Amino acid sequence: MNWYGVMPAMTTCFDADLNIDHGFMARHAKWLLDSGCSGIVSLGSLGEAATLNFEEKIAILKNMVASVQGRAPIVAAISALSTAEAVALAKAAAGAGCEGLMVLPPYVYLGDWRESKAHVAAIFKATTLPCMLYNNPVAYGTDFHPEQIHELATEHNNLKAVKESSTDVRRIAAIRAIEDGRLHIFVGVDDAIVEGIAAGATGWIAGLVNALPVESVMLFDLAIQGRTQEAFELYRWFLPLLRMDTVPKFVQLIKLVQQEVGEGSARVRPPRMELVGEELEAARAVVAAALSTRPGILSRA
């Protein structure tokens with residue numbers, strides 16, 4: 001598969017009973033691709049994977065594969081409490097028709113390098129699918145250093161990409177220096193995309209794209225083409241929303257933006273709860289201010 005471009009970390013839509021709304025998710029995936037996205041990442045943190053059971057995860061993957069009909073790759077995020085469950089999910093994702101995997105460290109347990117390496121290596125070995133390693137020490141506590149990523153890439157030919165979410169763009173340059181172009185590097189935090197591309201990233205696993213795909217793809221394209229001034233003007237408008245991707249309630253916030261633009265619902269599964277009161281009003285004010293100055297040439301018809 002082609003590890004390049006803007007790939008949404010797609011949200012999981014729930015109906016009023018908090019069951020998965022597969023119909024909306026199918027339409028949402030098609031809309032994201034129609035807007036220029038290059039693939040779909042399902043079952044990530046933004047997709048509330050920790051609240052989904054194994055059967056629900058596979059049902060989502062099968063729905064995504066059927067919905068896009070080969071137009072773009074479906075990448076399954078592989079996360080679990082145990083290595084055995086992660087391996088089972090990786091195998092099931094391959095069987096469901098996914099074209100790639102995004103491999104996370106284990107939930108809850110913060111292992112040392114020996115343990116973390118063994119966990120992700122077991123997933124890489126479980127399938128021949130190309131894999132992306134997800135490095136997010138801020139959220140998960142496990143930090144894959146550039147030298148460790150190099151070690152994994154040397155030992156596993158199907159490790160093809162890295163989602164770098166340490167928030168330190170210097171990591172992108174460090175990985176590039178060691179890997180010499182073998183790994184495709186994706187920015188994993190929305191408010192570092194322009195800086196990340198300047199450092200050498202060629203992809204973006206994005207959050208706000210769920211609500212604003214046209215703007216997201218345009219921002220990526222401007223940055224990757226070196227159109228610095230145009231990229232910065234769009235970035236300056238977008239940043240108050242992009243920063244919603246980097247706070248503890250990022251799922252609630254991004255789903256709220258989707259609801260405000262008419263492309264989804266703010267519903268989340270417990271233990272998360274929807275925003276209320278002053279927190280909700282403050283978030284709505286940020287969204288309203290951004291939408292009131294939304295670049296007209298980019299607005300969805």
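Let me start in the loop between β1 (5–8) and α1 (22–34), because that is where L18 sits, and I should say at once that what we are looking at is a predicted model. L18 is not a glycine, and yet its phi is positive, at about 65 degrees. For background, most residues other than glycine have a negative phi. As for its surroundings, L18 is partly exposed, with a relative accessible area of 24%.

A second residue belongs in this part of the talk, namely L43, which lies in the loop between β2 (40–42) and α2 (54–68). L43 also is not a glycine, and its phi is positive, at about 75 degrees. Is L43 buried or exposed? With a relative accessible area of 2%, L43 is buried.

Let me now step back to the whole chain. The protein has 12 helices and eight strands, and its C-alpha atoms fill a box of roughly 50 × 45 × 35 Å along the principal axes. For 301 residues, a compact globule would be expected to have a radius of gyration near 19 Å, and the 18 Å of this protein agrees with that. Buried residues make up 55% of the 301, and if we take the contacts with a separation of 6 or more, 70% of them join residues that are 24 or more positions apart.

Next, two helix pairs. Helix α3 (residues 83–95) packs on helix α4 (residues 113–126) at an angle of about 25 degrees, with the axes 9 Å apart. An angle under 35 degrees counts as roughly parallel, and so α3 is roughly parallel to α4. The crossing of α3 past α4 is right-handed. On the α3 side, the contact is made by T83, A86, V87, A90 and K91, while α4 contributes H119, A122, I123 and A126. Sorted by class, this contact of α3 with α4 has six nonpolar, two polar and one charged residues.

The other pair is helix α6 (residues 146–155) with helix α7 (residues 170–179), whose axes come within 9 Å and cross at roughly 40 degrees. That angle makes α6 oblique to α7, and here too I can give the handedness, since α6 passes α7 in a right-handed crossing. The residues that meet are P146, E147, I149, H150 and A153 in α6, and R171, A174, I175, I178 and E179 in α7. By class, the contact of α6 with α7 has six nonpolar, one polar and three charged residues.

I would like to finish with α11 and the stretch that follows. Why can we describe α11 as largely enclosed by the rest of the structure? The reason is that nine of its 11 residues are buried. Those buried residues are F250, V251, Q252, L253, I254, K255, L256, V257 and Q258, and what covers them includes α1 and α12. Just after α11, G262 takes a positive phi of about 80 degrees.

Further along, in the loop between α11 (250–260) and α12 (277–292), we come to P271. The peptide bond from P270 to P271 is cis, with omega near 15 degrees. As a general point to set beside that, most peptide bonds are trans.

Conventions. Residues are numbered from 1 along each chain as its sequence is written. This is a predicted model: local features need pLDDT of at least 70, side-chain atom pairs count only at pLDDT 80 or more; totals for chains, interfaces and linings use all residues. Side-chain values use heavy atoms; hydrogens and water are left out. Axes are lines fitted to C-alpha atoms, for helices over the stretch in contact, and angles run from 0 to 180 degrees between N-to-C directions. Helices (H or I, at least four residues) and strands (E, at least two) are DSSP runs, numbered from the N terminus. Angles under 35 degrees count as roughly parallel, over 145 as roughly antiparallel, 65 to 115 as roughly perpendicular and the rest as oblique. A crossing is left-handed if the near helix is turned anticlockwise from the far one by less than a right angle, and right-handed if clockwise. Contact means heavy atoms within 4.5 Å. Ala, Val, Leu, Ile, Met, Phe, Trp, Tyr, Cys and Pro count as nonpolar, Asp, Glu, Lys and Arg as charged, and the others, Gly among them, as polar. Buried means under 20% relative accessible area, exposed over 50%, partly exposed in between (1.4 Å probe, protein chains only). The radius of gyration is taken over C-alpha atoms; the globule rule is 2.2 Å times the number of residues to the power 0.38.
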